[in-house]
Amino acid sequence: MKRYMIMKRISLLLLAGVISLASMAQTKVFNEAAAVNGVTSVYISPSILKLGTDVGRLGHGLDDAVSELTGLEVLTTEYDEVRYRKVRELCNNVIKMMTLELMVDVNEDNEKVKLYADLEPESSFANKIVLEIDKEPSNYTVIYVSGKIDISKLIKDNLNFR
């Protein structure tokens with residue numbers, strides 16, 4: 001009887017963990033930054049993306065690199081020094097918590113572009129990427145994509161690396 005109760009508790013804890021992970025997968029990643037006044041944000045839920053509509057089309061040659069799209073979020077803000085610094089700090093904190101690897105870092109004049117990914121071991125695929133575009137002093141943009149992402153194709157087709 002005691003063994004049955006322990007197994008029941010373990011099962012309930014595992015079930016609660018799976019449910020909480022599933023609910024976390026459906027939330028916005030950059031919700032705190034999106035709530036800042038003056039930020040324009042777009043969030044497309046996994047449910048909408050599963051419908052197979054053109055809503056999840058990324059354009060700019062990204063559609064070939066991303067399959068099985070499961071999440072999409074875009075934030076942008078025009079330059080206002082206080083808002084810009086706050087949004088950038090909030091986004092960078094989220095990126096650090098995600099423990100993504102910095103894959104590409106491009107600096108040109110006042111424009112900085114960084115590509116972060118969680119590259120699968122021994123593979124060119126990632127499950128999520130964050131593209132950070134910092135055009136100080138004009139605007140700051142973050143694009144979050146989750147799904148099956150071919151990083152080698154993404155870099156080759158969009159950054160002209162051969």
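This report walks through the fold, the nonpolar cores and a few side-chain pairings of one chain.

Keep in mind that the model is predicted. Its chain comes to five helices and six strands, and from the N terminus on these elements run α-α-β-α-β-α-β-β-β-β-α. Of the 162 residues, 31% count as buried. The chain exposes about 10,600 Å², with carbon and sulfur atoms supplying 56% of that area. As for contacts between residues at least 6 apart in sequence, 56% join residues at least 24 apart.

**Nonpolar cores**

In soluble globular proteins, nonpolar side chains tend to be buried together. Here the largest nonpolar core has 19 residues, and the members that touch the most others are F30, V87, C91 and V130. Two or more residues of this core come from each of α2 (31-34), α4 and β6. Helix α4 gives the most, with six residues. Leaving aside residues up to four places away in sequence, V87 touches A33, V36, V39, T77 and Y140. Apart from this core lies another, of 15 residues, including L49, V66, L115 and A126.

L115 also turns up among the neighbours of L131, a residue of the chain that touches V113, K114, L115, T141, V142 and I143 once residues up to four places away in sequence are set aside. L131 sits in strand β5. Its C-alpha is 5.1 Å from that of I143, with the two positions 12 residues apart in sequence numbering. Is L131 buried or partly exposed? L131 has 24% relative accessibility, so it counts as partly exposed.

**Charged pairs**

How many salt bridges does the count come to? The count is two salt bridges, and here they are side by side:

| Salt bridge | N to O distance |
|---|---|
| R85 and E81 | 3.6 Å |
| D134 and R88 | 3.4 Å |

Take R85 and E81 to start with. Both lie in helix α4 (residues 81-97), four residues apart, about one turn of the helix. R85 is partly exposed, at 36% relative accessible area, and E81 is also partly exposed, at 46%.

The other pair spans two elements. D134 forms its salt bridge with R88. D134 belongs to strand β5 (residues 125-135) and R88 to helix α4, so this pair ties together parts that are 46 residues apart in sequence. D134 is buried, with a relative accessible area of 7%, while R88 counts as partly exposed at 22%.

Helix α4 therefore shows up twice in this section: it holds both R85 and E81, and it holds R88 as well. It is also the element that gives the most residues to the largest nonpolar core.

**Around D150**

One more acidic side chain deserves a look. D150 is found in strand β6 (residues 139-150). Why does D150 count as buried? Its relative accessibility is 16%, and buried means under 20%. What does the side chain of D150 pair with? It makes a polar contact with the side chain of S124, at 3.2 Å. A polar contact of 2.7 Å also joins the side chains of D150 and S152. Strand β6, home to D150, is one of the elements that give two or more residues to the largest nonpolar core.

Methods:
Residues are numbered from 1 along each chain as its sequence is written. This is a predicted model: local features need pLDDT of at least 70, side-chain atom pairs count only at pLDDT 80 or more; totals for chains, interfaces and linings use all residues. Side-chain values use heavy atoms; hydrogens and water are left out. A salt bridge is a side-chain nitrogen of Lys or Arg within 4 Å of a carboxyl oxygen of Asp or Glu. Buried means under 20% relative accessible area, exposed over 50%, partly exposed in between (1.4 Å probe, protein chains only). A polar contact is a pair of N or O atoms within 3.5 Å; within protein, one must be able to donate a hydrogen and the other to accept it, and residues adjacent in sequence count only if both atoms are side-chain atoms. Contact means heavy atoms within 4.5 Å. Accessible areas come from the Shrake-Rupley method with a 1.4 Å probe; for residues, only the protein chains shown count as cover. A nonpolar core is a set of buried Ala, Val, Leu, Ile, Met, Phe, Trp, Tyr and Cys residues joined through side-chain atoms within 4.5 Å.
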